[in-house]
Amino acid sequence: MKKILCLLSVLALFGACTAQDKAAVEFVRDDAARKVDVNVGGTYFTSYIYPTDMEKQVLWPIFTASGKDITRGYPRAPRAFESTDHPHHVGLWFNFGNVNGLDFWNNSFAIPAERKPSYGSVVFDKIVSAKGNQLVTLANWVDNDGKVLLAEQTTFTFAGTGNERSIVREAKLTAAEPVIFKENKEGMLGLRVDRTFQKPSDRPERYTDANGIVTEVATVNNEGINGEYVNSLGDKGDDVWSKRAEWTMLNGTKEGDPISILIIDGKGNPNFPAWSHARGYGLFAVNSMGGKDFDKTLTEPVELRLAPGQSVTFTYKVIVKNGGFLTAEEANARAAAFNKGK
């Protein structure tokens, strides 16, 4: 009997430790400021923001468990030596560059009024719930006249253990009218990172968006910049771009703290595994609808058609770990656990 009681005590203690290891999630709504703060394990992690001066809703800023900001400040809170390219790159977001011919990805305050009819916006509707570790929101994908193409219901699931934090973003899109997603490199889950995670560079680079608009990205100060990509195929650096991988990871050391940012593609997503739209200047994105914009050898175009009332769901997981980089083996294990049963 004593042995049994002792065993039960050990198991109870182990269970308590396990529960403590899984950090509690707390939501703090501020409707006046149009945001929901997310605390994990008693410390600030991120905010869901839906300001009226943006063309979409995002998670911004995003912090490690050790308090390091992994997101670029510009354009909402610029910091010294930051690049000011691509003002539509804010925090962590989800949209796409060609939906019924409209560009949702590149839309921002920087687009002049005469060009706005070529762009779409994701307009906030409401917060459905914020409880447990899940935040559920509604939004509408609209054209420049406010006509709804898609209704979006997104479920954010937040978690944390020790020096690791995670976000699962599940977006269910339901067509309000016939909708076509045509292959485009501008998509879909995007993260604009802090300059720490950029690739060191001594020359400007030029990038062209889906509308032929050229942006020049110049790096003027490489101090503290040390980012490097790696993916599930073993590619590194610039070689991850355009590759279809189950996961892609960005590593960098900020203020002496080694940090990994891992994005895992959901196995149930269209065209799994997704193409990587990851650039050395600080854009870290995965694209489930890239197609020939990434791989010119494809013989068939990649597109997705929805009739009114039909839905499609895109799910991705983002893991932020500090205190040491994730290994490829650890990234594989996390991807396998996320996609188990899908």
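Gly227 sits in the loop that runs between strand 13 (214-217) and strand 14 (228-231). In this predicted model, Gly227 counts as buried because its relative accessible area is 13%, and the cut-off for buried is under 20%. So what does Gly227 touch, once residues up to four places away in sequence are set aside? Part of the answer is a run of neighbours made up of Thr196, Phe197, Gln198, Lys199 and Pro200. The other contacts of Gly227 are Leu250 and Asn251. If you keep going along the chain you get to Tyr281, which is 54 residues from Gly227 in sequence, yet the two C-alpha atoms are 9.5 Å apart in space.

Now for the nonpolar interior. The largest nonpolar core has 60 residues, and the ones that touch the most other members are Leu150, Phe158 and Phe181. Strand 20 (residues 311-322) gives the most to this core, chipping in five residues. Have a look at Leu150 and what surrounds it. Leaving out residues up to four places away in sequence, Leu150 touches Phe181, another of those well-connected core members. Its contacts also include Ala139, Asn140 and Trp141, then Leu173, Thr174, Ala175 and Ala176. Val99, Val179 and Leu306 round off the contacts of Leu150.

Next, the open space. The largest pocket holds about 290 Å³. Which residues are closest to its centre? They are His86, His88, Asn106, Asp209 and Thr215, out of 24 residues that line the pocket. The lining of the largest pocket is a mix, with nine nonpolar residues, nine polar and six charged.

There is enclosed space too: searching the whole structure turns up three cavities of 30 Å³ or more. The second largest of them has a volume of about 40 Å³. Around the second largest cavity you will find Lys56, Gln57, Trp93, Phe94, Val122, Glu152 and Arg169. By type, that lining splits into three nonpolar residues, one polar and three charged.

Finally, how far does the predictor's confidence go? The mean pLDDT of the protein chain is 93, and 92% of its residues reach 70 or more. The stretch to treat separately is residues 1-20, where pLDDT stays under 50. For residues 1-20 the model also has zero contacts beyond four places in sequence.

Key: Residues are numbered from 1 along each chain as its sequence is written. This is a predicted model: local features need pLDDT of at least 70, side-chain atom pairs count only at pLDDT 80 or more; totals for chains, interfaces and linings use all residues. Side-chain values use heavy atoms; hydrogens and water are left out. On a 1 Å grid over the protein atoms alone, a cavity is a set of points where a 1.4 Å probe fits but cannot get out, and a pocket is an open set with protein on both sides within 12 Å along at least five of seven lines; lining residues have an atom within 4 Å of a point. Grid points are joined across faces, edges and corners, and a volume is the space filled by probe spheres set on the points. Ala, Val, Leu, Ile, Met, Phe, Trp, Tyr, Cys and Pro count as nonpolar, Asp, Glu, Lys and Arg as charged, and the others, Gly among them, as polar. pLDDT is the predictor's confidence in each residue, from 0 to 100. Contact means heavy atoms within 4.5 Å. Helices (H or I, at least four residues) and strands (E, at least two) are DSSP runs, numbered from the N terminus. Buried means under 20% relative accessible area, exposed over 50%, partly exposed in between (1.4 Å probe, protein chains only). A nonpolar core is a set of buried Ala, Val, Leu, Ile, Met, Phe, Trp, Tyr and Cys residues joined through side-chain atoms within 4.5 Å.
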